[in-house]
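Reader: I am just beginning to read protein models, and I would like to look closely at one part before moving outwards from there. Could you take me through it slowly?

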Amino acid sequence: MSLLEVRELTVAYPVAVGLSAFFSRRYLVAVDHVSFSLPEGGTLALVGESGCGKSSTGLAVLGLLEHVEGEVLFRGRDVLRMREKERREFRRHAQIVFQDPYESLNPKMRVRTIVGEPLAIHRRRGETGRLKEALELAGLSPPEYFLDKYPHELSGGERQRVAIAAAVVLQPKLLILDEPVSNLDVSIKAGIMNLFRDLQDQLGLSYLFITHDLADAFFLADEVAVMYLGVAVEKGETDEVLSHPLHPYTEALLSVAPGSGREKLILAGDVPDPLHPPPGCRFHPRCPRARGRCSEEVPPEVEAAPGHRVRCFYVSRGERDPHLEEPKPIH
Ligand SMILES: Nc1ncnc2c1ncn2[C@@H]1O[C@H](COP(=O)(O)OP(=O)(O)O)[C@@H](O)[C@H]1O
Ligand SMILES: [Mg+2]
């Protein structure tokens with residue numbers, strides 16, 4: 001059974017628009033009917049450019065946002081509909097690691113307090129053994145050396161390891177990794193990525209791995225979901241999706257990834273304003289393959305190959321439509 005099953009997740013933010021005298025509220029839909037599942041011990045990467053709704057998805061999965069619809073089933077129980085006590089128990093099993101260890105760690109707290117905080121919240125105080133174990137798991141050894149340090153006394157990589165120690169100290173099942181290596185130097189990044197792999201092997205953790213970097217997704221994830229403007233446009237096994245991308249957006253992302261060896265597909269225009277998403281397929285204004293229908297109808301999700309799902313009119317079973325014209329640059 002899946003550890004996590006997300007069904008038709010939709011996240012909106014109320015935003016104020018217009019002059020204050022004519023103040024009105026609108027809703028920005030950051031995540032639009034996104035579905036995926038994450039098996040025990042597996043990793044799913046949410047991939048896409050900044051602003052496509054990855055962090056909102058992660059926060060909604062943890063039950064931290066308002067204006068959320070759909071279902072987030074953790075071991076079959078809906079996080080969005082849990083009562084307080086059950087939600088607290090869920091939060092013991094589901095932790096998050098953020099991008100920026102400089103911001104996410106309280107500069108006034110010593111490592112022992114930072115890593116001990118989750119234990120205190122869940123009334124498991126005074127377990128120095130657990131603290132040391134967590135530091136050791138995160139590769140901070142010997143733990144005694146780190147316990148009384150403040151974040152500013154540590155390197156960037158060590159700080160992220162402290163954040164990881166705090167995330168695993170309660171022996172969770174699920175970690176949401178929200179761009180956990182995006183702020184780190186390349187040399188440090190590799191060590192942290194390997195740590196995630198090791199921790200998964202040792203602890204049987206499941207990861208929802210949020211990244212804008214396809215190479216990182218390829219390294220860590222069994223499956224990927226590619227997001228564009230709040231919509232999961234392509235999903236499937238990482239190898240399959242990255243070697244046979246079917247959605248034009250995935251193709252474009254891959255083509256600009258360093259070392260892809262593909263011809264670069266530079267997308268026209270910018271990501272549209274999410275408050276005014278384009279009608280039809282949200283990608284159509286930038287899509288080199290767009291046709292009339294794409295601006296009018298929302299493409300349904302089709303299973304192009306077993307487990308490989310795509311939202312594009314011009315992908316049918318197995319392959320892209322062979323009668324399709326080759327992409328034309330749009331001006
Ligand atoms: N607290 C918020 N209030 C209003 N809009 C928000 C808020 N957080 C995120 N957004 C908007 O939601 C969209 C998705 O954001 P986010 O989930 O942070 O994307 P990503 O993590 O992929 O960069 C963006 O358009 C962003 O501006
Ligand atoms: Mg984000």
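Leaving aside its neighbours within four places in sequence, which residues is Thr211 in contact with?

Author: This is a predicted model, and the values that follow are computed from it. Once the neighbours within four places in sequence are left aside, Thr211 is in contact with Leu46, Val47, Gly48, Lys54, Glu179, Asp216 and Ala217. Thr211 itself belongs to strand β8, which covers residues 206-211. Is Thr211 buried or exposed? Thr211 has a relative accessible area of 2%, and because anything under 20% counts as buried, Thr211 is buried. The side chain of Thr211 also reaches the backbone nitrogen of Asp213, at 2.8 Å.

From this residue we can turn to a helix in which burial can be followed along a whole element. Helix α7 takes in residues 156-168, 13 residues in all, and from its first C-alpha to its last it reaches 19 Å, close to the 18 Å expected at 1.5 Å a residue. This helix is mostly covered, since 12 of its 13 residues are buried; among them are Gly156, Arg159, Gln160, Ile164 and Val168. The cover over the buried residues of α7 includes two strands, β6 (94-97) and β7 (174-178), together with the helices α3 (101-104), α4 (111-121), α5 (128-137) and α8 (186-203).

Val168, one of the buried residues of α7, leads us on to the enclosed spaces, for it is also part of the lining of the second largest cavity. That cavity holds about 70 Å³ of space, and Val168 shares its lining with Arg130, Glu133, Ala134, Leu137, Val169, Gln171 and Leu203. Helix α5, which is among the elements that cover α7, gives the most to this lining, with four residues. Sorted by class, the lining has five nonpolar residues, one polar residue and two charged ones.

The structure holds two cavities of 30 Å³ or more, and the largest has a volume of about 90 Å³. Its lining is made of 14 residues, and those that lie nearest the centre of this cavity are Cys281, Cys287, Cys294, Cys312 and Phe313. The lining of the largest cavity divides into 10 nonpolar, two polar and two charged residues.

Definitions and conventions: Residues are numbered from 1 along each chain as its sequence is written. Chains are lettered from A and ligands numbered from 1 in the order in which they are written. This is a predicted model: local features need pLDDT of at least 70, side-chain atom pairs count only at pLDDT 80 or more; totals for chains, interfaces and linings use all residues. Side-chain values use heavy atoms; hydrogens and water are left out. The expected span of a helix is 1.5 Å times one less than its number of residues. Buried means under 20% relative accessible area, exposed over 50%, partly exposed in between (1.4 Å probe, protein chains only). Contact means heavy atoms within 4.5 Å. A polar contact is a pair of N or O atoms within 3.5 Å; within protein, one must be able to donate a hydrogen and the other to accept it, and residues adjacent in sequence count only if both atoms are side-chain atoms. On a 1 Å grid over the protein atoms alone, a cavity is a set of points where a 1.4 Å probe fits but cannot get out, and a pocket is an open set with protein on both sides within 12 Å along at least five of seven lines; lining residues have an atom within 4 Å of a point. Grid points are joined across faces, edges and corners, and a volume is the space filled by probe spheres set on the points. Ala, Val, Leu, Ile, Met, Phe, Trp, Tyr, Cys and Pro count as nonpolar, Asp, Glu, Lys and Arg as charged, and the others, Gly among them, as polar.
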